[in-house]
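Please look through the sequence and the model together before reading on. The report below moves from single residues to helices, and then to cores and empty space.

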Amino acid sequence: MTTAWGTFALTRFPDHPRDPLRAWDAADEYLLRHLAEPGAPAVAGTVAVAGDRWGALVTALAGHPDTGPAGELAQITDSYLGREATRANLARAGHAEDRVRLLTTRDAPPERVDLLLVRVPKSLALLEDQLHRLAPALHAGTAVVGTGMVKEIHTSTLTLFERLVGPTRTSLAVRKARLIHSTPDPALRRPANPWPLTYALPDDAPAVAGRTVVNHAGVFCADRLDIGTRLFLRHLPTGLGGARVLDLGCGNGVVGLAVAVAEPGAEVILTDESYMAVASARETFRASAPPGAKARFAVGDGTADVPDGSVDVVLNNPPFHSHQALTDATARRMFTGARRVLRRGGELRVVGNRHLGYHVALRRVFGNCEVVGSDPKFVVLRAVKR
């Protein structure tokens with residue numbers, strides 16, 4: 001990626017030589033080009049970058065002449081993978097490890113922000129929560145600039161900026177990307193932040209009907225139980241006794257909770273690469289798990305921190321998007337990781353849309369696959385480590 005401050009070799013995380021997806025796009029380039037133009041907001045003082053997907057923005061800005069010792073450059077991300085990509089990209093660019101303050105969505109944001117850059121996320125709820133959390137740090141002199149592809153910026157996106165920051169306008173589109181310019185209004189009366197959202201599970205949710213779910217912003221299907229998970233709950237393995245069960249990509253923790261309720265002797269490990277997802281799962285368990293439930297929670301890269309052959313069952317509802325890009329790369333990595341951490345005779349159980357054809361990948365990884373449940377849209381598959 002070439003900018004006014006240098007050319008940078010950027011990768012996603014984990015880095016794979018055959019990964020066809022870039023670590024930046026036209027929206028990142030548009031914002032960086034704008035910041036180098038005459039009359040653009042000063043890149044000085046405390047600069048906060050929210051939603052920087054793979055660290056492209058902060059890696060470039062770390063080389064800006066005005067973000068020196070007198071200023072602070074902070075990245076705020078909900079993605080563990082994005083944070084690790086940022087670390088690698090900064091190191092590759094020759095920047096010191098402490099050049100950028102790496103914050104997660106669960107950390108307190110900077111107390112005062114002079115320039116706020118927002119990479120518009122796919123989730124409107126996540127954007128809403130981020131703007132609520134950052135708004136108290138803005139002042140009359142703060143410049144707020146958002147960026148995203150045209151298909152990511154909707155009327156509802158602009159309405160959020162208007163409602164939580166102040167008067168908002170958009171730029172012309174360039175290479176299908178657009179900028180958002182918002183002027184903080186110190187007199188603006190903001191509504192209360194609705195996140196996290198709490199609701200009771202419906203009557204058709206086996207084992208967990210009526211129990212409370214806590215959803216932080218940005219978690220998939222944050223305001224209701226999605227139909228894929230409904231089907232999955234009807235086809236979870238039984239008779240787990242003292243088994244160790246890994247809820248891989250746990251989201252709000254509903255699947256792991258169902259295991260803890262139905263199988264009191266089981267030990268449940270809940271992992272996700274989203275900091276908000278793991279916070280949601282932890283709070284869901286705190287609100288709804290039976291006394292004595294054994295559960296551990298971890299933010300990380302799939303099964304990377306789980307020892308080989310240490311798990312009896314892996315439960316997985318894999319994502320098939322990487323931001324806006326459709327890809328099965330994440331699912332394939334999850335299946336391979338699941339096989340590694342399973343004991344012999346252990347099983348992986350997966351739910352997914354029928355059209356994704358996960359049975360092909362599972363047969364390639366495990367050598368076997370069977371259908372244990374289905375409806376017109378989703379299928380639940382089982383593969384055993386032999």
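In this predicted model, leucine 197 has a relative accessibility of 28%, and because that value falls between the limits of 20% and 50%, the residue counts as partly exposed. Leucine 197 belongs to strand E10, which covers residues 197-200. If neighbours within four places in sequence are set aside, leucine 197 is in contact with Val213, Val214, Asn215, Ala222 and Asp223.

A second residue that can be examined in a similar way is glycine 94, which is found in the loop between H3 and strand E5 (101-104). With a relative accessibility of 62%, glycine 94 counts as exposed, because the limit for that class is over 50%.

For each of these two residues, the table gives a partner, with the separation along the chain and in space.

| Residue | Partner | Separation in sequence | C-alpha to C-alpha distance |
|---|---|---|---|
| Leucine 197 | Serine 280 | 83 residues | 9.6 Å |
| Glycine 94 | Threonine 59 | 35 residues | 9.7 Å |

Turning to the helices, how many of the 10 residues of H1 are buried? The count is 9 of the 10, so H1 is largely enclosed by the rest of the structure. The buried residues of H1 are Ala26, Ala27, Asp28, Glu29, Tyr30, Leu31, Leu32, His34 and Leu35, and they pack against strand E1 (2-3), H2, E6, E7 and E9.

Helix H5, which spans residues 155-164, has Thr157, Leu160, Phe161 and Leu164 as its buried residues. Because these residues cover an arc of only 95° around the axis, they lie on the same side of H5. The elements that cover the buried residues of H5 include strand E6 (115-119), helix H4 (124-134), strand E7 (143-149), strand E8 (168-170) and strand E9 (177-182). After H5 comes glycine 166, which has a positive phi, near 160°.

The next topic is how buried nonpolar residues are grouped. In soluble globular proteins, nonpolar side chains tend to be buried together. In this model, the largest nonpolar core has 36 residues, and those that touch the most other members are Val49, Leu61, Leu73 and Leu117. Two or more residues of this core come from each of helix H1 (26-35), strand E3 (46-50), helix H2 (56-61), helix H3 (80-92), E6, E7 and E9, while the largest share, 6 residues, is given by H1. A second, separate core has 31 residues, among them Leu201, Val208, Leu225 and Leu257.

Leucine 73 offers a closer view of the contacts around one member of the largest core. When residues up to four places away in sequence are not counted, leucine 73 touches Val47, Val49, Val58, Leu61, Ala62, Arg99, Val100 and Arg101.

Where, finally, is empty space left inside the model? Rolling a probe the size of a water molecule over the atoms shows where such space remains. A search of the whole structure finds 1 cavity of 30 Å³ or more, and the largest cavity holds about 60 Å³ of space. The largest cavity is lined by Ile76, Thr104, Thr105, Asp107, Pro109, Asp129, Gln130, Arg133 and Leu134. Of the elements, H4 gives the most to this lining, with 4 residues, and the lining as a whole divides into 3 nonpolar, 3 polar and 3 charged residues.

Technical notes
Residues are numbered from 1 along each chain as its sequence is written. This is a predicted model: local features need pLDDT of at least 70, side-chain atom pairs count only at pLDDT 80 or more; totals for chains, interfaces and linings use all residues. Side-chain values use heavy atoms; hydrogens and water are left out. Buried means under 20% relative accessible area, exposed over 50%, partly exposed in between (1.4 Å probe, protein chains only). The arc is that of the directions from the helix axis to the C-beta atoms. Contact means heavy atoms within 4.5 Å. On a 1 Å grid over the protein atoms alone, a cavity is a set of points where a 1.4 Å probe fits but cannot get out, and a pocket is an open set with protein on both sides within 12 Å along at least five of seven lines; lining residues have an atom within 4 Å of a point. Grid points are joined across faces, edges and corners, and a volume is the space filled by probe spheres set on the points. Ala, Val, Leu, Ile, Met, Phe, Trp, Tyr, Cys and Pro count as nonpolar, Asp, Glu, Lys and Arg as charged, and the others, Gly among them, as polar. A nonpolar core is a set of buried Ala, Val, Leu, Ile, Met, Phe, Trp, Tyr and Cys residues joined through side-chain atoms within 4.5 Å.
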